[in-house]
Amino acid sequence: MNNHMELTFSAVAENEAFARMVISAFLMQANPTLSLVSEVRTAVSEAVTNAVVHAYGESGGDIVLRATLHGRRVDVEVEDFGRGIEDIHQAMQPFYTSQPEKERTGMGFALMQSFMDELTVHSAPGSGTVVRMCKNLDEIPA
């Protein structure tokens with residue numbers, strides 16, 4: 001059985017913690033390990049933070065968080081309707097930041113990639129951005 005949720009919230013820094021709590025609560029029905037919950041929370045946090053910081057700037061806007069459980073797999077989307085990303089390949093490079101003057105680390109996409117099994121980014125200037133991430137919720141034995 002699949003279960004789906006969708007939540008729209010304001011693109012303000014305070015809602016990053018809110019998004020982390022929402023995805024955690026949604027994942028609980030699959031009874032994942034705490035380490036898996038932490039990984040998904042961190043990836044969602046990075047995606048939401050990117051939308052808050054880069055999509056809208058001072059103008060504000062909305063972020064949509066979607067998640068679907070497919071048995072032991074979760075698919076997550078974080079969508080904004082802001083300025084979009086001009087060069088996705090460049091933006092996804094570790095340590096790249098479009099705001100070096102604000103002491104950004106440029107590790108958001110790298111963290112998302114390291115914690116999730118799949119990551120795709122769809123964006124174009126003026127069209128917003130959709131970050132899609134997938135995670136298998138079964139621990140793989142070492």
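This report describes the sheet, the first helix, the nonpolar core and one loop residue of a predicted model.

The sheet is open and consists of five strands, which follow one another in the order β1-β2-β3-β5-β4 with antiparallel pairing. β1 and β4 (118-123) stand at its edges, and because each has a single partner strand, one side of each is left without a neighbour in the sheet. Neighbouring strands are turned against each other by 10° on average, when direction is ignored. Within this arrangement, β2 and β3 pair in the antiparallel sense over eight bridges, and A67 stands opposite V76 in β3.

Across β1, β2 and β3 lies α1, which runs at about 170° to β1. This helix has 13 residues and reaches 18 Å from its first C-alpha to its last, close to the 18 Å expected at 1.5 Å a residue. The buried residues of α1 are N15, E16, A19, V22, I23, S24, F26 and L27, and they pack against β1 (2-10), α2, β2 (62-70) and β3 (73-80).

The largest nonpolar core has 35 residues, and those with the most contacts inside it are V44, L65, V76 and M133. At least two residues of this core come from each of β1, α1, α2, β2, β3, α4 (108-115), β4 and β5 (129-136), while α2 gives the most, with nine residues. In soluble globular proteins, nonpolar side chains tend to be buried together. If residues up to four places away in sequence are not counted, L65 touches M5, E6, L7, F9, A19, V22, V44, V76, E77 and V78. This list includes V44 and V76, which are also among the residues with the most contacts inside the core, as well as A19 and V22, which are among the buried residues of α1.

The residue ranges of four strands are set out below.

| Strand | Residues |
|---|---|
| β1 | 2-10 |
| β2 | 62-70 |
| β3 | 73-80 |
| β4 | 118-123 |

One residue outside these elements deserves separate mention. N31 lies in the loop between α1 (15-27) and α2 (34-55), and there it has a positive phi of about 55° although it is not a glycine. Most residues other than glycine have a negative phi. N31 counts as exposed because its relative accessibility is 64%, a value that lies over the 50% cut-off for exposed residues.

Key
Residues are numbered from 1 along each chain as its sequence is written. This is a predicted model: local features need pLDDT of at least 70, side-chain atom pairs count only at pLDDT 80 or more; totals for chains, interfaces and linings use all residues. Side-chain values use heavy atoms; hydrogens and water are left out. Helices (H or I, at least four residues) and strands (E, at least two) are DSSP runs, numbered from the N terminus. Buried means under 20% relative accessible area, exposed over 50%, partly exposed in between (1.4 Å probe, protein chains only). The expected span of a helix is 1.5 Å times one less than its number of residues. Contact means heavy atoms within 4.5 Å. Two strands pair if DSSP finds at least two bridges between them. Axes are lines fitted to C-alpha atoms, for helices over the stretch in contact, and angles run from 0 to 180 degrees between N-to-C directions. A nonpolar core is a set of buried Ala, Val, Leu, Ile, Met, Phe, Trp, Tyr and Cys residues joined through side-chain atoms within 4.5 Å.
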